[in-house]
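User: Hi! I would like to go through this model with you, one question at a time.

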Amino acid sequence: MPQTSRPDLSVKLFGRLEVWRGGALIPASDWPRSKTQALFKILVAERGRVFTQDQLIEFLFPNLELAKAVDNLYRRISELRRVLEPTLKKGTDSQYILNVGQQGYCFSETAPCWVDAEEFQKKIESAQKAESAGRWAQALEDYQQAINLYQGDYLGEDLYEEWAIAPRERWRELYLNALSRLAECYAKSGQYQRAIEQCQRVITLKPSSETIYRQKMLYHAWATEPNAALETYQLCVNALKEHLEVEPSPETKTLYEKILQGEVPPPKISQTNLPASLTSFIGREQELQEIMNLLIDVGVERAVPRPRLLTLTGFGGTGKTRLAQKAAWDLLEEFPDGVWWVRLAVLTDPALVPQAVASALGLREEPNRPLISTLIDYLRSKNLLLVLDNGEHVVEACASLAETLLQNCPQLRILATSREALGVHGEIAWLVPSLSLPDLARLARGGIDLSALRQYEAVRLFAERAAAAQPNFSMTDRNASAIAYICQRLDGIPLAIELAAAKVRVLSIEQIAERLENDFRLLTNPSRTALPKDQTLRAALDWSHNLLSEKQKTLFRRLSVFVGGCVLEAVEAVCADDILGRGGSRIAPTEILELLTQLIDKSLVTVEDHGDVARYRMLETIRHYGQQKLSEQSEPEVLTLRARHRDWFLALAERAEAELLGARQTTWLSQLEQEYDNLRAALRWSLENDEQEAHAALRLSGALGPFWLARSHIDEGSRLLEEALSKGQDAPLSARAKALLWVGTLARHLGDDERVQARCEESLSLFTELKNRWGMAFSLRNLGVVAQHRGDFERAVELHQRSLSLCREMGDAWSTAWSLHNLGVVARQQGNYQRVEALCGESLALFRTLGDKWGIAASLHYLGEVAEHKLEYANARDLHRESLLLYKELGDKRGIAASLNQLAEIVLRQENYECAATLFGAAEALRETINAPLSSGDHAEYERHISIVSTRLGPKFFDELLAQGRAMTLEQAVAYALENTA
């Protein structure tokens, strides 16, 4: 039974249906008819999806005449509402079963209802994210919780209901995959017997899964059970022969040989951010081995040195990314410092390539320091593999960065994917081939041998993806030749084959082959150098597009305006409108969700769960195709669509701007980060259009100022603000003033005091003209900081006091708090700790009232220094511990390092030298990671503390503890600090 803390309605779909209402199981006698219960299952299984009357009749009453079917459906809906809400009065709306539009019904996605299948999905996705980040313990916990929810196959009592078959198979595959991944997590934590148990569960349920046998063999080997590993291999041989009539793959045979010879390498946990694959990898054994041979030493002599840059080339759709991903996972244990994935597909500005690499590595920009220097310093001593994925549209920037890094970082290896080589000295460009294909002429001569046909990679890919789309699909003597023809016609291109295979839900194999024959049009491209496979992929996309209805086509091309995905509300606001479309292409807002669902079903859009909200995304290849289709529309339609996209994200940025100053700042920072690709696109489009759009660009860039500062997009934000100011000369003064203010604010963090001075004096002048006291106060604060940097404390105090007076006049608590804090910082620089305590104490109280966590953390830090100065070590410890927790929540590594350092000083003064040495090591390593060295003044004090601890512990023991601290992850360092300073 679900926990009592769950919502009023709880639903169990795994196994037999069970529904709890108010904590009590609804008995079978409360369900008037089986069709009432069936209706409930259909609706609750896809909460939020709108089902038309015709769809529900087709599911429930396909053999009744229409009038009778409609009457029956109305009665079942009424009955269902009464079952779920017995006290519901006649004529009152149900909170669960909603009427949507005309003759549309859905189960409310916002109603208080817990569904085991939804919780299962959330746990799986959470586990996958944890696994990708290398958090094996968290992944293990999430997978186990998901598996515990799976109490049997989905709606086991409805074995023969067509509407339940496809989801049942999909849930079952997710469950089997969860067992497999749980086994891997157990193995990563050294629990081999538990890992083996999970493998056996999968084998029992799906004896034809070769991958799970290979996992089990490996875990037996790691558990020093070679005989059990060899027995598992024999079971695999027998099962594959019995169920699939194939032999084990070369990968499985190679593992078998290594086990025989006792050459299986020991397990090792590696560092990586590699994305987890949601589908199986088909074939490519030879290609994977070649890539491994090129990137690492495999016991063979080399005529030439091993290349340090390998670029997988080829046109879109050949599987470069998927092949690089699989190779990267296979190479993970070869690189002590990890394998790191850099996603470049969504970038539109080549200047952002270094930032994308830094983000993947967890590095941040440092004030007054080129980002490339930060990258070089971090990677100089690292033995790691960097994967630059989909860089063809920023190829020159990729080439420049790769060359610079390789010249300065001797142990670095780079694996890149691009439609063209980077052109860097020493690079090896490796053309990714198509999947292996059957010879149609030979098939015609020798007849169809299903066992032989399954050995071809293209055929295997089609068959597996078709089975995923339609669980009852199988390759037979009857459809084998058509499958071979489809694969051959699509030149073995993985993306084209997957798109074709997805159509088995709506077409027979023969129909798919026939449509390819009739609708397979090549690109009209006069270039003789254009690759045929480029044309073939375009033809496959054309064909897929032509199968769409007019409304589906309209939404498909409009969705291409979004970069990096979008939420439903954005789609409804941007894409649904009678003005944009004509005739049959018009889309009402109520139609968006159903059309979006149809595009997802057709594999043209993917859906991703990001916490409490779903995001919809197109693969980049498909999105670019959609953009081409959009460009074929009338100019007014395209301009209106772009403007709506800009308007929606401008409104989001301006709504977030105020929220970033209060208690919900972390939530809004995350949302803006998630939508940053769209915000960039909206801003770039506005900058590239007419004067009116330049005004919008100035508003948008000004609204993003706090975000750029908080998330360290400082250089990029500064450049875009300057460009917006340049193009928005005639914009309203209020927009220019705000943009100038944020240019100056960001310049502070770039160490450019001259630009701070110039821009903030200009913003102060405009805000004064506008009588905008908030802007005047902010500008004065920035000018005060410049005076601090120059050592002119008298001038700094004067400016901050002017700012404080304005803040208090207008009753702005947030601005008042920061002005007080800045005065406290000046007092700290002057050594006036009593004044620091008064000013920062007052700012802290205001920040706590506002819920501003950055402000709270900053004030706590300085108050902790005051307490330490007063020898109140317990109080200082508590203040820095609280500050540390806030900085960790915000992801502020500089703040975390500062807090660790302060806590180390405190335990040093309390003569806990072991803890001090460990914390100093952790802080030191973190500062190196983000390239944030101590200032000259702080460095002298730090060296004095290090000398004291080393003397007390002895150099050898001190070095051991320092190294122990340096080896900690950020999470481990924070946990250690909290545990050992309590």
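Here are some questions and answers on cores, cysteines and strands.

User: Glad to start. How many residues does the largest nonpolar core have?
Analyst: A caution before the count: this is a predicted model. The residues with the most contacts inside that core include Leu555, Phe562, Trp708 and Val949. The largest nonpolar core has 142 residues.

User: Leu900 is also listed there. Which residues is Leu900 in contact with, leaving aside its neighbours within four places in sequence?
Analyst: Leu900 is among the residues with the most contacts inside the largest core, and so is Leu919. With the sequence neighbours within four places set aside, the partners of Leu900 are Leu884, Leu919, Ala922, Ala923, Ala973 and Ala977.

User: Another core lies apart from the largest one. How many residues does it have?
Analyst: Happy to look there. Among the residues of this other core are Ile42, Phe51, Ile57 and Ala127. The core has 75 residues.

User: On to the cysteines. Why is Cys566 not bonded to Cys575?
Analyst: A disulfide needs the two sulfur atoms within 2.5 Å, and the structure holds zero disulfides. Cys566 counts as buried, at 2% relative accessibility. The closest cysteine sulfur to that of Cys566 is in Cys575, and the pair is too far apart for a bond because the distance is 7.0 Å.

User: And how far from Cys106 is the nearest cysteine sulfur?
Analyst: Cys106 is in no disulfide. Cys106 counts as buried, with 7% relative accessibility. The nearest cysteine sulfur belongs to Cys113, at a distance of 12 Å.

User: Now the open sheet of four strands. Which are its edge strands?
Analyst: The strand order is 3-2-1-7, with mixed pairing. An edge strand pairs on one side only. That description fits strand 3 (24-25) and strand 7 (113-115).

User: Which residue in strand 7 stands opposite Ser10?
Analyst: Strand 1 covers residues 9-12. Strand 1 pairs with strand 7 in the parallel sense, over three bridges. The residue opposite Ser10 is Trp114.

User: Last one: is Val387 buried or exposed?
Analyst: Val387 lies in strand 10, residues 385-389. Beyond its neighbours within four places in sequence, Val387 is in contact with residues including Ala324, Val339, Trp341 and Leu415. Buried means under 20% relative accessible area. Val387 has a relative accessible area of 0%, so the answer is buried.

Key: Residues are numbered from 1 along each chain as its sequence is written. This is a predicted model: local features need pLDDT of at least 70, side-chain atom pairs count only at pLDDT 80 or more; totals for chains, interfaces and linings use all residues. Side-chain values use heavy atoms; hydrogens and water are left out. A nonpolar core is a set of buried Ala, Val, Leu, Ile, Met, Phe, Trp, Tyr and Cys residues joined through side-chain atoms within 4.5 Å. Buried means under 20% relative accessible area, exposed over 50%, partly exposed in between (1.4 Å probe, protein chains only). Contact means heavy atoms within 4.5 Å. Two strands pair if DSSP finds at least two bridges between them. Helices (H or I, at least four residues) and strands (E, at least two) are DSSP runs, numbered from the N terminus.
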